[in-house]
Amino acid sequence: MNRFTKTVATIIFLFSCACLSAQEFDAEDFRSNINEPGDQFIKIGLMGVFPMNFGGSFPLFRDGQLSTGGAGELGYHRFLSNFFALGVDISFGYNPTIGENIFTYVPIVIDATFQPTFKKFEFPITVGIGAAMESYLNRTYFPGLVLKGEVGAFYRVTASWSFGLEIESWFMPQWYSNSKYNDYGVFSSLAISARYHF
């Protein structure tokens with residue numbers, strides 16, 4: 001089982017656990033009115049980004065060529081129900097190479113979030129699809145497919161602000177007319193995020 005499959009399996013497992021746990025909460029503890037249809041939030045996050053398995057023929061993406069990098073994320077989301085929201089996230093990420101160059105990428109992802117709550121705690125589970133512009137030296141790849149899975153835990157400090165941690169996985173393949181240059185990149189990230197609710 002490769003790392004991508006393990007990551008997807010972990011996200012599915014966490015989603016299942018969250019759903020099962022939600023059914024065990026008392027009605028008094030399970031506060032469905034933290035978010036209501038029409039509520040919105042803006043999310044700002046900073047994250048460390050860990051390349052998992054770039055491993056194609058192009059030298060940059062062979063195992064071990066990319067080092068840990070970072071990314072910033074800005075998102076807008078709107079609740080369609082107490083537990084379900086749609087939104088868009090835009091990130092700017094980078095990873096250094098062992099040759100001291102920089103691989104950069106700008107993913108734009110449309111995503112759907114299921115968010116159970118417990119008292120003042122919120123647990124967003126998000127999946128998304130989008131496109132990215134990827135650049136290295138004088139080489140640009142656009143549009144690149146992006147698939148994203150994300151789980152998080154937030155604490156609602158006030159009616160307007162919540163803070164938390166998120167774990168994300170990005171699948172960013174590169175497909176070329178000559179298939180020997182194809183690459184399949186998997187990144188994982190750990191983010192510290194703030195959300196402004198309105």
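Reader: What sits over the ring of F154?
Author: In this predicted model, the charged end of R195 sits over the ring of F154, 4.1 Å from its centre; a charge counts as over a ring if NZ of Lys or CZ of Arg is within 6 Å of the ring centre and within 35 degrees of the ring normal.

Reader: And where does R195 lie with respect to F41?
Author: R195 lies over the face of F41, at 4.6 Å from the ring centre. R195 and F41 also belong to the lining of the second largest cavity, whose other lining residues include K43, H77 and D89.

Reader: How are the residues of that lining divided?
Author: The lining of the second largest cavity has two nonpolar, three polar and six charged residues.

Reader: New topic: how many aromatic pairs are there?
Author: A search of the whole structure finds ten aromatic pairs, where rings of Phe, Tyr and Trp (its six-membered ring) pair if their centres lie within 6.5 Å, and planes under 30 degrees apart count as stacked, over 60 as edge-to-face and the rest as tilted. In one of them, F103 and Y105 have ring centres 5.4 Å apart and planes at 40°, so the pair is tilted.

Reader: Are F103 and Y105 buried or exposed?
Author: Both F103 and Y105 are buried, which is to say under 20% relative accessible area, with exposed over 50% and partly exposed in between (1.4 Å probe, protein chains only).

Reader: Which residues form one aromatic cluster?
Author: The cluster is formed by F103, Y105, W170 and F187.

Reader: How are residues numbered, and what pLDDT is needed?
Author: Residues are numbered from 1 along each chain as its sequence is written. Local features need pLDDT of at least 70, side-chain atom pairs count only at pLDDT 80 or more, and totals for chains, interfaces and linings use all residues, while side-chain values use heavy atoms, with hydrogens and water left out.

How values were computed
On a 1 Å grid over the protein atoms alone, a cavity is a set of points where a 1.4 Å probe fits but cannot get out, and a pocket is an open set with protein on both sides within 12 Å along at least five of seven lines; lining residues have an atom within 4 Å of a point. Ala, Val, Leu, Ile, Met, Phe, Trp, Tyr, Cys and Pro count as nonpolar, Asp, Glu, Lys and Arg as charged, and the others, Gly among them, as polar.
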